[in-house]
Amino acid sequence: MVDSTVVLNGQTLAYTCYCLAILLVMGWFGYKITRPGKNNKIANTLFYSFTGMLVVLGVSLHIVTFNTIPWAPMDLNRAEIKADKVFNITIEKHKFTLPEQTLNISCNEKVLFSVLSHDLTYGFGLFRPDNSMVFQMQVVPGHPNDILWQFEKPGTYTIRSTEYSGPTGWNIILKDAVIVTCNPTANN
Amino acid sequence: MNFLQTLIKGEQALFKPDSLTPMQKLTLRFVVIGLVYYAFAVIEGMLMRIYEIQPIPAISTNQFFAIMTAHPLVGIFGSTYSIVFGAFLFLVPFLMKKPLWSIKLANWNFWLVTIGTFTFWFSGFLTHYAPLYTLYWPLPVDFSQFSVIGGIFFILGIALVMLGTVFFVINVFATITYTPEGWEKQPCGALIGSALGISGIRNLFSRNKKEHLVSLPVAAIARGTVDVALNSGIIIFTGILILVYMVFALFGVSLKDTAIDALLYKNWFWWGLDLVADGLVLIFVAGTWYLLATLITGKKLFMENIARAALFVELVVSWTVWSHHLLSDQAQPGFLKVLSGEMVTAFELITQGLAFFITLATLWSARPLKMTNPLKFLLGGLLGFALAVPAGIMQADIGLNRILHNTQWVIGPHVHVAVLVGLAMTLYAAIYILFPILTNGAQLYSQKLANFHFWGQLIGGVGMGAFMGMAGLHGMLRRSLYVNGEFNTYMILAALCGALLLLAFLAFFFNIVMSVGINGVIGIFMPSKLKTKELVPSQV
C-alpha cells in the first residue's frame, strides 16, 4: 500500500504549484486593472469555461484520490474485508489500554485497530519517529471506531490521541507501541 | 495641526461626532467593539503561537486550552459578528433607501453581543473552562476537568450573544419587509421572496420574468441571515442542553451523560456550527464582494442573475455539507461521508469560484481603476479565499482527510487564511469604503499606515497559514502541545508572521484613532444629538 508520506508529498507539490500560480495571477490582475486596456469586456464563453473547469476539478479530485490512495476504498469497504489481525484497544480516563504491551505486525498484513472509548471523545493516530502521521481516526464514545490498515514497510510507530479531550489529555501518547517487521522470505 | 492636536481632535479636526445620526453612531460602535475584540483574538493567538514554541511559565496548560477555547469564539462572535452586524444593519436600510426597522432592537443587539462576549471570555479566563468551540460530547459536562460555575457563566455569555444575534435576524428581515411611515404599502411577501431567491427560481420556469425587488447585496445579506438564524437556534438549543447538566451538577445531581448519543450530537452540532464557516461567511463575503465591486467601478455586476442563483445554491449547499467534519468518524455512515462530506462540499469550490470570477470580471470591465484602499483590500480578500477554499476541498476528501484531519493543515492554510486574509481583508475593504460615509467625510490620517496595514495583513496572514500548513503536513496536531520543540522551525516562522499581523492591526487601529481623534472615539459612544431616523444627516 502506498505510504502516507508519498500522498502528502504529492499534495504538497500540487498545492504549492497552485498557490504560486494564483499569487501570480492576482499580482498580474492587480497590475493590469490599473492600466487602460483595449478590451474590457469578458466573454461569456470564458465564464462558462471557468465554471466547467470548477465542476471538473471538484468532482475529479475525489475520483482521482479514490483510485490512487489505497486506504480510501479499503476504508469505505472495510466491513467486507477480512482482517488478518484485530487489535481491540480501549481508552478511558485519558489512558489507552492495549491488548499487548507492543502491537507486533507483519508487513502486508491487513490489521484492524478497533478502539472503544468508555468516557470522552478521543482520537487514535499512528506516528513515525519523526512525528509525521501514518493515519488517524476519531474515537467517539458509545460507538465502534475501527480502521483497517496494511503496512508495507517495517517501522516502529507511536500511538497518540489526535483529538482534544480536555486539558488533562493533551499528551496521551504510547511511544513505540506498534512494531512492523518484514520477513523477506515471506514477502517473496 | 501637531501630533497631539491630531491625536485629540482627529485628522484636520474633520470628524465631528455631534453631526452623526443615531444610526451612524450605532454602526461605528459595532465597528469599534469589533476591532477591540479582534485585538483580543490576535493577542490570544500570539500567546498560543509563543506557547507552541516554548510553554510560558506564567500560563498553565489549563489556561492555554482556555485561551484556545475563547480565541475563535471571541474572533467570530465578538469581532466578526460585531463588524458584520454593524455594517449590515446600516447597509440594508441604506440600499433599500428606508430607515432601519428598529434602532432600539439594534442597540440591544449591540449590547448583548458586547457583554455576552466579555462574559464568556472572562469566565474562561478566570475558571479555565475549556471544552473548545467543538464541545464534543460529553466534554462540556465533564466536571472532573472543569468548574460548573465557570461553565454556567461561559454558556450564559454565549446565550447572550445568541440572543443579540436573534435580534439582528429580526431587524434585517423586518427592515426588508416593513412599510415606513408615509410610504405606500410594501409587498411584504414579494420582498421576502425576492430576498430569499424564491422569485428568482420562479423566473426560471416562467415566461413572465419579474424584476428583482431587492438588490443583490441585500439578497446576499438576507440569505446569509437565514444561516445566522439556524446557527443561533442550534447553539441556543445545545447551550440549554449543557446548562441543564450544569444546573443539576450544581445541586449535586449527576445526570447520565450517556443519555446523549455522542455521534448524533456531533452531527447535530456540526450541522449548526458549519452554517457559520460554510454558510453565512461565504454568502456574506460573496455579497460584500459584489457590493464593493459595483461601488468601486460604478458598473453593473457581471452575470448578475447567475450571481443571484449561485448565492441561492450556496445557501442550500450550506445545509448539507456538515459531514465533511466527520470524515474521520468511523461510525458515520459511508453515504453521508461521500455525499455530504465530499460531493456536496465540492459545490463550494464552484459557488465561491463563481463569486471570485464575477467580482474580478466586474472590476476588469471598469479598468483603468485607481488602486484605492477598498480595491487593494478587496483583491486581498479574493486572494485569501482563492487560497483557502481549495485547501478546504482537499481536506474534505476521504483519502486525504485520513492524514490531514486535526492537523495544523486544517487550521492554517484553510481556516486562518480564510479568516485573516479572505474574511478580514474583505471586511477591511468594507470599512475603508464606508469610513467617509459613516463619519460624514472624515479623512484618513496616513496612507502609508494603510499601505503597511495591507502588506502586513497579507504577508502575515498567508505566511502564518503556510508555515502552520507545513507543520501539519509533517504531522503536527492542532489541538495539542509539543513541549520538546518538535516543530519549532515552523512555529517560530508562523509566530513571526503572527507578529506581523499584530503590527498591521496596530497600524490600522492607530490610523483610525488618529483619523477621528480620541474625542471622536469618545463621541461615538455618546448619545446622538440628532433626533432622526435617517441613516445619514440630510445636509451631507
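How are α2(A) and α11(B) oriented to each other? They are roughly antiparallel, since their angle of about 155° is over the 145 degrees that sets this class, and the legends below begin from that pair. The model is predicted.

**Figure 1. Helix α2 of chain A packs on α11 of chain B.** Helix α2(A) covers residues 44-68. Its axis lies 9 Å from that of α11(B), at an angle of about 155°. The two helices are therefore roughly antiparallel. The crossing of α2(A) past α11(B) is right-handed. From α2(A), the contact uses Phe47(A), Phe50(A), Thr51(A), Leu54(A), Val55(A), Leu57(A), Gly58(A), Val59(A) and His62(A). From α11(B) come Glu342(B), Ala346(B), Leu349(B), Ile350(B), Gly353(B), Leu354(B), Phe357(B) and Ala361(B). Sorted by class, this helix contact has 12 nonpolar, four polar and one charged residues.

**Figure 2. Chain B meets chain A.** The contact draws on 63 residues of chain B and 65 residues of chain A. On chain B, five helices each supply at least two residues to the side that touches chain A: α3 (61-96), α9 (262-297), α11 (334-364), α12 (373-395) and α13 (398-404). The most comes from α11(B), with 12 residues. By class, this side of chain B holds 37 nonpolar, 16 polar and 10 charged residues.

**Figure 3. Chain B is built from helices.** Its secondary structure consists of 16 helices and zero strands. The radius of gyration of chain B is 23 Å, and the globule rule gives 24 Å for 540 residues, so chain B is as compact as a globular protein of that length. The C-alpha trace of chain B spans about 65 × 60 × 50 Å along its principal axes.

**Figure 4. Helices α5 and α8 pack within chain B.** Helix α5(B) takes in residues 148-177, and helix α8(B) residues 216-250. Their axes are 8 Å apart, and the packing angle is about 155°. This makes α5(B) and α8(B) roughly antiparallel to each other. Here α5(B) passes α8(B) in a left-handed crossing. The contact has 24 nonpolar and five polar residues, and no charged ones.

**Figure 5. Chain A combines helices and strands.** Four helices and nine strands make up its secondary structure. Read from the N terminus, the elements run α-α-α-β-β-β-β-β-β-β-β-β-α. The radius of gyration of chain A is 23 Å, whereas a compact globule of 188 residues would have one near 16 Å. The C-alpha trace of chain A spans about 75 × 50 × 30 Å along its principal axes.

**Figure 6. Four strands of chain A form an open sheet.** The strand order is β2-β1-β4-β7, with mixed pairing. The edges are β2 (95-97) and β7 (145-150) of chain A, each of which pairs on one side only. From one strand to the next, the twist averages 25°. Strand β4(A), residues 110-117, runs antiparallel to β7(A), and six bridges join the two. Within this pair, Lys110(A) stands opposite Gln150(A) of β7(A).

**Figure 7. An open sheet of five strands in chain A has mixed pairing.** The order is β3-β9-β8-β5-β6. Strands β3 (103-106) and β6 (133-139) of chain A take the edges. Each has a single partner strand, so one side of each is left without a neighbour in the sheet. The twist averages 20° from one strand to the next.

**Figure 8. Strand β8 of chain A pairs with β5(A) and with β9(A).** Strand β8(A) spans residues 155-160, and β5(A) residues 122-127. Three bridges link β5(A) and β8(A) in the antiparallel sense. Leu126(A) has Ile159(A) of β8(A) as its bridge partner. Gly125(A) stands opposite Arg160(A) in β8(A). Strand β9(A), residues 173-181, also pairs with β8(A) in the antiparallel sense, over five bridges. Tyr157(A) has its bridge partner in β9(A), at Val178(A).

Note on methods
Residues numbered from 1 in each chain as written. Chains lettered and ligands numbered in written order. Predicted model: local features only at pLDDT ≥ 70, side-chain atom pairs only at ≥ 80, totals over all residues. Contact = placed C-beta atoms within 7 Å. Nonpolar A, V, L, I, M, F, W, Y, C, P; charged D, E, K, R; others polar. Pairing = 2+ DSSP bridges. Axes fitted to C-alpha atoms, helices over the stretch in contact; angles between N-to-C directions. Parallel < 35°, antiparallel > 145°, perpendicular 65-115°, else oblique. Left-handed = near helix turned anticlockwise from the far one by under 90°. Rg over C-alpha atoms; globule rule 2.2 N^0.38 Å.
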